[in-house]
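Colleague: I'm new to this structure and would like a close look at a single part. Could you take me through the salt bridges and tell me what lies around them?

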Amino acid sequence: MPDSQNSAPRGGVRLARGASPWLLPTVATAALSLTRARKSGRWAAVAVPTTALAAGMLWFFRDPEREITQGRVISPADGVVQSIMPWKDGRTRVAIFMSPLNVHVNRAPLAGTVTSVEHVPGGFVPAFNKESENNERVVWHFDTELGDIEMVQIAGAVARRIVPYVPQGTKVEQGERIGLIRFGSRVDIYLPEGVEVAVEVGQATTAGVTRIDRD
């Protein structure tokens, strides 16, 4: 099922919502330095790193279209499976680490209704560190055909802002864009008791494409 929400022109790649506070000043500085570099050697020296930084920002904040996979639970994030951990209440937590090279737009793992979106203040240690359990986060709950599904966006050492796209009460389609984490970070999804995990630690995942559960 194609993801048609706010689609980019055919063949194009859209930029993530919530990118402008970081992206616009960087691109503007690069454009200014390139313009003035034609007449000044000093500005030419500035133009090289600012242009490289702007290009990196454009790459980081890309938001490509996806052909959404059919399945009960699909990955909410691009990244690598960091851990798979049984929880005391019978659920299984699948933690996905996102490096700065990954797409950082997160997607709904199932179709359903957003029943809560809670911001929890915290620290900013690297998301691959065990102490990241106390990092800033946004906790999502979805009412789905499998019951309540919890998903947690966790900020990393560089990420200082999580940007939810949809509020509580919103009905979302599976694979729909629901939020952005700026820079390196982590997304956890909790599978209900009895749902078998289909991915392995170290496996790469693609949001909206990689299936997390097994029939």
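Modeller: Here is a walk through the salt bridges, with the chain, the core and a small sheet as the setting. Keep in mind that this is a predicted model, so every value below is computed from it.

Let's start with the chain as a whole. It has 215 residues, 46% of them buried, and its secondary structure comes to two helices and 15 strands. Among the contacts with a separation of 6 or more, 70% are between residues 24 or more positions apart. The accessible surface is about 10,500 Å², and carbon and sulfur atoms hold 58% of that.

Now to the charged pairs. Side chains of opposite charge can pair when their charged atoms come close. Searching the whole structure turns up 12 salt bridges. One to look at is Arg93 with Asp188, where the closest N and O atoms are 3.9 Å apart. Arg93 belongs to strand E4 and Asp188 to strand E12, so this pair ties together parts 95 residues apart in sequence. Both Arg93 and Asp188 are buried.

What sits around that pair? Asp188 is also among the residues touched by Val94, along with Val81, Val187, Ile189 and Leu191. Others on the Val94 contact list include Ser83, Val197, Val199 and Ile212. Val94 has a part in the largest nonpolar core too: of the 35 residues there, Val94, Trp140, Phe142, Ile178 and Leu191 touch the most other members. Strands E4 (92-98), E7 (137-144), E8 (147-155), E9, E11 and E12 (185-191) each supply at least two residues of this core.

Next, try Arg214 and Glu196, whose side chains meet in a salt bridge at 3.4 Å, N to O. Arg214 is in strand E15 (residues 213-214) and Glu196 in strand E13 (residues 196-197), so here the parts tied together are 18 residues apart in sequence. Arg214 has 39% relative accessibility and counts as partly exposed. Glu196 is partly exposed as well, with a relative accessible area of 45%.

Then there's Arg211 with Asp213, a salt bridge at 2.8 Å from N to O. Is each partner buried or partly exposed? Arg211, at 23% relative accessibility, counts as partly exposed. Asp213 counts as buried because its relative accessibility is 2%, and the cut-off for buried is under 20%.

Some salt bridges share partners: Arg14, Asp63, Glu65 and Arg177 are joined that way into one network. Arg177 gives us a way into a small sheet, since strand E11 covers residues 177-181.

That open sheet has three strands in the order E5-E11-E9, with antiparallel pairing. Strand E5 (105-107) and strand E9 (162-164) are the edge strands, each pairing on one side only. From one strand to the next, the twist averages 25°. Strands of a sheet pair through backbone hydrogen bonds. Between E9 and E11 there are three bridges, and these two strands run antiparallel. If you want a spot to click on, find Pro164: its bridge partner in E11 is Gly179.

To pull it together, look again at E11: this strand pairs in the open sheet, supplies at least two residues of the largest nonpolar core, and spans residues 177-181, with Arg177 in the salt-bridge network.

Note on methods
Residues numbered from 1 in each chain as written. Predicted model: local features only at pLDDT ≥ 70, side-chain atom pairs only at ≥ 80, totals over all residues. Heavy atoms only, no water. Pairing = 2+ DSSP bridges. Helix = DSSP H or I, 4+ residues; strand = E, 2+ residues; numbered from the N terminus. Axes fitted to C-alpha atoms, helices over the stretch in contact; angles between N-to-C directions. Core = buried A, V, L, I, M, F, W, Y, C linked by side-chain atoms within 4.5 Å. Buried < 20%, exposed > 50% of the residue type's maximum accessible area, 1.4 Å probe, protein only. Contact = heavy atoms within 4.5 Å. Areas by Shrake-Rupley, 256 points an atom, 1.4 Å probe, with all protein chains shown as cover. Salt bridge = Lys/Arg side-chain N within 4 Å of Asp/Glu carboxyl O. Lists of a residue's contacts leave out its neighbours within four places in sequence.
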